[in-house]
Amino acid sequence: MRPLSFFTLLLFATFSQAATFRWASVSDHSSADPHAQNQIVNNAINGQVYEPLVKRGKKLEIIPGLAETWSQVSPTVWRFNLRRGVKWHDGSALTADDVVFSIKRVAGDTSTFRVYGRAVGEPRKLDANTVELTTPVPNPVMLETVALLGIMSKAWGDKHGVARSQDFGKGEDTYASRNAMGTGPYMLVSREPDVRSVFKRNPAWWGKIDGNVDEIVYTTIKSDATRMAALAAGDLDFVLDPPNQDIDKLARDPRIRIYRAPENLVFFLGMNQSREGSPFKDLRVRRAIYQAIDTDAINRVVMRGLAVSTGLVLPNPEGAGVDARLNTRLPYDVAAAKRLLAEAGFPQGFSTELDCQNVREIVCTAVSGMLARVNVTVKVNSLANARFFAKGQARESSFYLLGWGGPNNDAIFTLLPLLHGRNARGDGDFNWGDYRDEKMDALIDQAKVETDGAKRQALINEAFRMERDNIHHIPLHRRMSPWASRANVEVAHRPDSWLEVRWVSVR
C-alpha cells in the first residue's frame, strides 16, 4: 500500500472541506429568468447563476465580470472586451453574440429590467470577444447600469424558445422561469416553486471562490417560528429575514450570529392615482394618509429600532447627494388628517385595501390601525411575492407597501423606474400608482443625460422636491436589515441585501 502523494492529500482536504449551505427566507424567488422580475432576493439568487459584464465587490465597487476590460470610446460609445475562456454551464464558450442577444432581450417589452436595458443602448459585435454599446445620448451611470444586466446564452435561449423574457406581470410560465444556464459560480440543479431550489458549484467557473460552499439549498419557510427553530436546531445555516422581535434574543444565543448594518432600502406606501373614483387622486387625501401615520411608533414598536424614518422615497439620500433639507417628514397630526379628509369630501372616511408582501404584514397591520383613527378602514391583503408583484405590475393595487433598493446610490435608479410616468420604454415600470407629472418627468429626462455633475444634481433635487410636494408616495422608513446565521458560518453582509454565496464559509 503506497502513501498518498501531497497533491492527493491536498485534493482530498479541499473536497472534505466543501460544504452544503442551507438557507431560507419567507418567500421564494419569483423566477429563474434573470430578466423577468426585478426584485432584490430574486436578483441575488439568480446572480449566483447569471453574470453581468461588470459586477459589484464587497463594498459595492464596480469590478470586472464577464468583461475583463472596458473603455469609453466617445461620450455615447462604450467598448467591452470579454474575458477569454469563459464557459457556459453546458461547456460552450461565451461570445459577443451572447452579449448582444442578452442586451436586446433585457430591453424587450416583457422585461422588468427594460428601463436599464434600453439605457445602455444598441449592442454591436465587433468580433467574437468585443462588444460596443452605443446610446443616443450620454449615460452618466453607464457602468452602474450594465452591472444590473445578467448575460444569457443565445443558443440556450433559442433552443428552449425563450429569446423573449418571461412576462411575469401576466403570469406567464416559460422554460427560463423554471430552469437556468449561466456562466456563474453555481448551477441550478432543481427548482420547486414555493418549496426549495438546489444549486451546485460550477467546477469550470473562471473566478475565485473565497468560501467553501459546494451546494446551495434554498428553502421557502413562511412561518417565522419554524424558520428560526430550524436555524437554532442546526437544520439551516442562514436566515435572510429573522423576525425583528427575535433579534435581541438571538444575539444572546452563542449558537447564532447576527449581522446588522445600514441597508440601501426604503419602504413607502403607493396609491393608485389614475383609477376613476379613487380617493387617492386628491392631494388632500394623500396628505391626510401621510399625516395619520406615526412612523416613529412603527420603527420603535414594529421594527424594534431597526429602521429610521425618512422623508424621501430614496434608498440612500446621503449617498445620492440629495439636498438634506428635502429629507424631512410632514408632522404626524391626526387632527390635521381628519380636517384634510373632510375638505376632500370624506368627513366619514372611506374604505380601501392595502396590498403587502406577507413578510411585511406586520407593518401593514400597524398602518391599518393608525388609519382607523381617521376613519379610513383598511383591509390588509397579505400576499406571496409572486402574487404581490404580479398584481402591482398589472396596476391592480389601490394601495400598497413597497420596498425599493439595490447597489446603486445614484438617484436616477429610483427616479426613472419608480417615480417617472409610465411609458412604453420602461420608464415608470414600477410606478404602480400610475400617476403622471409631466414637469417632473421632464426633469428626470434631463437628469438621465446630463454629464455636468452640479447641473445634474440640481435637476435631481428639484425632481425630488416635486415628488415630495405632490405626495405621489408616502415614505415610511429606511431599514437596517438583520441577517442571522449559525455561529460557524461567515457571510459578507452587503448593504444591498445581496448574499454572494462564493464568499460564504461553513466551518
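**Exercise 1. Work out which strands flank Ser197, and how.**

Ser197 stands opposite Tyr218 in strand E10. Before going on, a quick word on the model: it is predicted, so local features need pLDDT of at least 70 and side-chain atom pairs count only at pLDDT 80 or more, while totals for chains, interfaces and linings use all residues. Residues are numbered from 1 along each chain as its sequence is written, and side-chain values use heavy atoms, with hydrogens and water left out.

- Step 1: Strands here are DSSP runs of E with at least two residues, and helices are runs of H or I with at least four, numbered from the N terminus. Two strands pair if DSSP finds at least two bridges between them.
- Step 2: E9 pairs with E10 (residues 213-220) in the antiparallel sense, over 5 bridges.
- Step 3: Now look at E8. Ser197 of E9 is the bridge partner of Arg191, and E8 (residues 186-192) pairs with E9 (residues 196-201) over 6 bridges, again in the antiparallel sense.
- Step 4: Check the turn. E8 and E9 form a hairpin with 3 residues between them, and Asp194 in that turn has a positive phi of about 65°.

**Exercise 2. Trace the partners of strand E1 and say whether E1 is buried or exposed.**

- Step 1: E1 runs parallel to E10, joined by 7 bridges. Ser25 stands opposite Thr220 there.
- Step 2: E1 also runs parallel to E11 (residues 238-239), with 2 bridges. In this pair, Trp23 faces Phe238.
- Step 3: Use the cut-offs: buried means under 20% relative accessible area, exposed over 50%, partly exposed in between (1.4 Å probe, protein chains only). In E1 (residues 19-25), 5 of the 7 residues are buried, so the strand is largely enclosed by the rest of the structure.

**Exercise 3. Lay out the open sheet that contains E5.**

- Step 1: Its 4 strands come in the order E4-E5-E7-E6, with antiparallel pairing.
- Step 2: E4 (67-74) and E6 (122-127) sit at the edges with a single partner strand each, so one side of each has no neighbour in the sheet.
- Step 3: Zoom in on the E5-E7 pair. E5 (residues 77-82) and E7 (residues 130-134) are joined by 5 bridges, and Asn81 has Thr130 of E7 as its bridge partner.
- Step 4: Add the helix. H3 (residues 96-106) packs on the sheet and touches E5, E6 and E7. Contact means heavy atoms within 4.5 Å.

**Exercise 4. Find the core around Leu415 and the helix pair beside it.**

- Step 1: A nonpolar core is a set of buried Ala, Val, Leu, Ile, Met, Phe, Trp, Tyr and Cys residues joined through side-chain atoms within 4.5 Å. The largest one has 95 residues, and Phe21, Trp23, Phe80, Leu415 and Phe464 touch the most other members.
- Step 2: Helix H16 (residues 412-419) gives the most to this core, with 6 residues.
- Step 3: Leaving aside residues up to four places away in sequence, Leu415 touches His420, Ile444, Ile460, Ala463 and Phe464.
- Step 4: The axes of H17 (residues 438-447) and H18 (residues 453-470) come within 9 Å and cross at roughly 155°. Axes are lines fitted to C-alpha atoms, for helices over the stretch in contact, and angles run from 0 to 180 degrees between N-to-C directions.
- Step 5: The contact between the two helices includes Ile444 of H17 and Ile460 and Ala463 of H18.
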